[in-house]
Amino acid sequence: MSLNDAPGRQVQGRQAPSSPGQVSYATVTWDQLHRDARLLAEQLMPLGPFRGIVAITRGGLIPAAIIGRELDLRLIESISVICYDQPRENGGEGGRDAGGSAGEQVQGEPRVVKAPTAAGDGDGFLIIDDLVDSGVTAQLVRSLLPKATFACLYAKPSGRPWTDRFVVEVPQDTWILFPWDTAPLFVPPLARKAAGAV
């Protein structure tokens, strides 16, 4: 299912020109994120009971809190994996997706900076993340927690094989703007903009 096809979904997206190497953007609101986390929890309930959750920082922290509440799980561990290094220069190669713009980050080799010690080999645990993109982080985390169930809100085609459950499939060339990545801004009415242009 695509981000735009999801039931009841009205994703605010900004489509970049459809030339090779261009990226489209989809904005996920707090309400959408909460709704999708609850939908994921519904999918996960029949797979339980679970002993706890391992949240992949930072994107998995908020979905893990929502899913923990819905599944009545109080043991929430975290794993911190760093894959993105420095911000990209204007439109350079690399990054989370092909193309992109300044400020997006370049993907490097993944490294664990905080291990999920309470989860052992993952038996009885859920791994929760916001998005599985290329699958690089997911592969590393799954190798450390081979008995865990991996679930995320959004999955791109390259990362989809690494997740057991997800809510919405997203095109590979779509950059998701999560609520913690954006800020609401005042936009003047069109009439006021037009009057200023005269």
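**Exercise 1.** What span should the 15 residues of helix α1 (residues 30–44) have at 1.5 Å a residue, and how far apart are its end C-alpha atoms?

*Solution.* The model is predicted: local features need pLDDT of at least 70, side-chain atom pairs count only at pLDDT 80 or more, and totals for chains, interfaces and linings use all residues. Residues are numbered from 1 along each chain as its sequence is written, and side-chain values use heavy atoms, without hydrogens and water. Helices (H or I, at least four residues) and strands (E, at least two) are DSSP runs, numbered from the N terminus. The expected span is 1.5 Å times one less than the number of residues. For α1 this gives 21 Å, and the end C-alpha atoms are 21 Å apart, which agrees.

**Exercise 2.** List the buried residues of α1 and state what they pack against.

*Solution.* Buried means under 20% relative accessible area, exposed over 50%, and partly exposed in between (1.4 Å probe, protein chains only). In α1, Gln-32, Leu-33, Asp-36, Ala-37, Leu-40, Ala-41 and Leu-44 are buried. An α-helix has 3.6 residues a turn, so residues three or four places apart point the same way. The buried residues of α1 pack (heavy atoms within 4.5 Å) against β2 (24–27), α2 (61–70), β6, β7 (149–155) and β8 (165–169).

**Exercise 3.** Describe the surroundings of strand β3 (residues 52–57).

*Solution.* Gly-52, Val-54 and Ile-56 point one way, while Ile-53, Ala-55 and Thr-57 point the other. Six of the six residues are buried, so β3 is largely enclosed by the rest of the structure. Strand β6 (residues 125–132) pairs with β3 in the parallel sense over four bridges; pairing requires at least two DSSP bridges. Phe-125 in β6 is the bridge partner of Gly-52.
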